[in-house]
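I am opening this notebook to keep track of what I look up, beginning with the ligand and then moving to the sheet and the helices.

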Amino acid sequence: MPDGLPRRDFLKTSAVAAALSAPAILKAQNANEGLNIGWIGVGTRGYAGLSWLHTAEPNGAVVTAICDTYTGHLARAKDRIQTMYGITPKTYNDYRELLADKSIDAVFIMTPEHLHHDMTIAALRAGKNVYIEKPLAHTIEEGFDIVREWKKSGKIVQVGTQNRSSSLYKKAKEMVEQGMIGDIHYVRAFWYRNSPPNDPAWRYVVPPEANPENTDWPKFLGTAPQRDWDPHRYFQWRLYWDYSGGISTDLLVHQTDIVNFVLGKTVPATCMASGGIYRWSEATDDRDVPDTLSAIYEYPDKFHINYSCYFGNVHYGYGEQFCGNDGTIEVLNRQDLNFYPEKYRNAESAIASRPEIHLNGLKDFQEQDGAINHFRNFIEAVRGQGTIVAPPTAGQEAAISGHIATLSFKHGKKVIWDNKAEKYQFV
Ligand SMILES: NC(=O)c1ccc[n+]([C@@H]2O[C@H](COP(=O)([O-])OP(=O)(O)OC[C@H]3O[C@@H](n4cnc5c(N)ncnc54)[C@H](O)[C@@H]3O)[C@@H](O)[C@H]2O)c1
């Protein structure tokens, strides 16, 4: 089969189609439900995502084109697609060329944060439906640009905050809506990690053969400040403000997003954040972003999130604890949901005697996390068979929390968010 033959053209070739034994491909053709997918960014998340999409939609969505500026990742992804779908995808170094392919119905964008804005806007203008990884964008202003472009476009856009598609979090939402924990004014959320001294946080392996040519350094930089080739910045972009908001936009946004989802909230009114580079502070480590961050959020309706993240101790792991007046629901490590009734002194027995509940994602829902469901939700929405659970408006609300935490941390001041004016100020 010629390299890069579009899937539709390929299926038109009847002799080849007849020879196809993969039921997945035949079904897509017969049921007229096949979608051609373009994939921009096949690094860590993008490469894993290729398999998840195949699991989510083995029959109806085929990755026919991939784009990445690092040739090593491009070759690896091409190989994986050949194995999974039995076709050879078109390969691109320039995402604009992929977007010009009219046969592509939807794109998954899994590139560094600072590229999300330009790629998503270009994809919408090219008439594509878009799955864009979190955070929606690198700045508040860029996020609003995407929201506006999405509203104009009439296209489906799903943001990669996949907890919304996890059965555990849906259960938590249902339990809250049933009133199981009473009024909720307070959530604790945290993400703790650790790693050995010779494996610093977010210092991912730089492939030894990487160079400015086989990574296309200018395309990686995009509109970020120009500078000389730096493989650490390319492969460890999360550590530098030019390309990432660090903990705030890489991790925290998942958690503010899911609190919004479970409790029906939108954006906080204030944020105060502090932290620093405490654990990974060797003189040779030139990271910009903190490895320790706490953020306190106040919402307009008497509601508070107490968030903390530290990269030097993993004991408490990952979690959100919804602290209601009548009980607590916590989701830990995206795998365990626990409900505990309140048992304070003289608590009504109707409250205190409720049995505890313990659910496990794998055991009770056969789910590792929500990613596969989230992909399926996107594809079904593109087909007009459902509604997306993480539209850009929700992605932007979660991202605003992340961005104002970064602003508060960098300026050492409390941030007030004016949601009507879509502006912040420091106090
Ligand atoms: N939802 C989640 O749980 C989750 C988890 C991990 C990562 N992510 C998100 O996924 C995105 C990617 O993260 P990652 O960890 O895979 O990063 P990564 O560095 O491993 O992969 C990024 C890929 O983009 C490629 N790239 C860089 N510039 C490009 C350009 N101009 N055009 C095309 N390709 C380009 C790189 O070569 C690389 O292969 C980020 O937005 C991240 O926040 C989400």
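**Entry 1: around the ligand**

I looked up the surroundings of the ligand first and found 26 residues around it, the closest being G43, T44, R45, Y70 and E133. I then asked which elements give two or more residues to this shell, and the answer is α4, residues 44-56, and α11, residues 217-221. Of the elements, α4 gives the most, with 3 residues. I keep in mind throughout that I am reading a predicted model.

Sorting the shell around the ligand by class, I noted 9 nonpolar, 10 polar and 7 charged residues. I also checked the domains, and the shell takes at least three residues from each of domain 1 (7-162) and domain 2 (164-369 + 387-426).

**Entry 2: the sheet**

Next I traced an open sheet of 10 strands with mixed pairing, and I wrote down its order as β14-β13-β12-β11-β7-β10-β9-β8-β15-β16. At the edges I found β14 (357-360) and β16 (423-426), each of which pairs on one side only. From one strand to the next, the twist averages 15 degrees.

I picked one pair for a closer look: β8, residues 270-276, and β9, residues 292-299, are joined in the antiparallel sense over 7 bridges. Which residue in β9 is the bridge partner of T270? I found that the partner is E298.

**Entry 3: helices on the sheet**

I then turned to the helices that accompany these strands. Helix α9, residues 167-177, lies across β7 (184-192), β11 (318-324), β12 (327-332), β13 (336-341) and β14, and runs at about 170 degrees to β12. Helix α17, residues 392-411, also packs on the sheet, where I see it touching β8, β9, β15 (415-418) and β16, and its direction makes about 60 degrees with that of β8.

**Entry 4: back to α4**

Having met α4 at the ligand, I asked how it is placed against helix α16, residues 371-382, and found that the two axes come within 9 Å and cross at roughly 65 degrees. Is the crossing of α4 and α16 left-handed or right-handed? I recorded it as right-handed.

For the contact itself, I listed W52, L53, T55 and A56 on the α4 side, meeting A371, I372, F375, R376 and I379 in α16. By class, the residues of this contact divide into 7 nonpolar, 1 polar and 1 charged. I close the entry with α4 marked twice, once as the element that gives the most to the shell around the ligand and once as a helix whose axis crosses that of α16.

Notes:
Residues numbered from 1 in each chain as written. Predicted model: local features only at pLDDT ≥ 70, side-chain atom pairs only at ≥ 80, totals over all residues. Near = placed C-beta within 6 Å. Helix = DSSP H or I, 4+ residues; strand = E, 2+ residues; numbered from the N terminus. Nonpolar A, V, L, I, M, F, W, Y, C, P; charged D, E, K, R; others polar. Domains from an automatic or database assignment. Pairing = 2+ DSSP bridges. Axes fitted to C-alpha atoms, helices over the stretch in contact; angles between N-to-C directions. Contact = placed C-beta atoms within 7 Å. Left-handed = near helix turned anticlockwise from the far one by under 90°.
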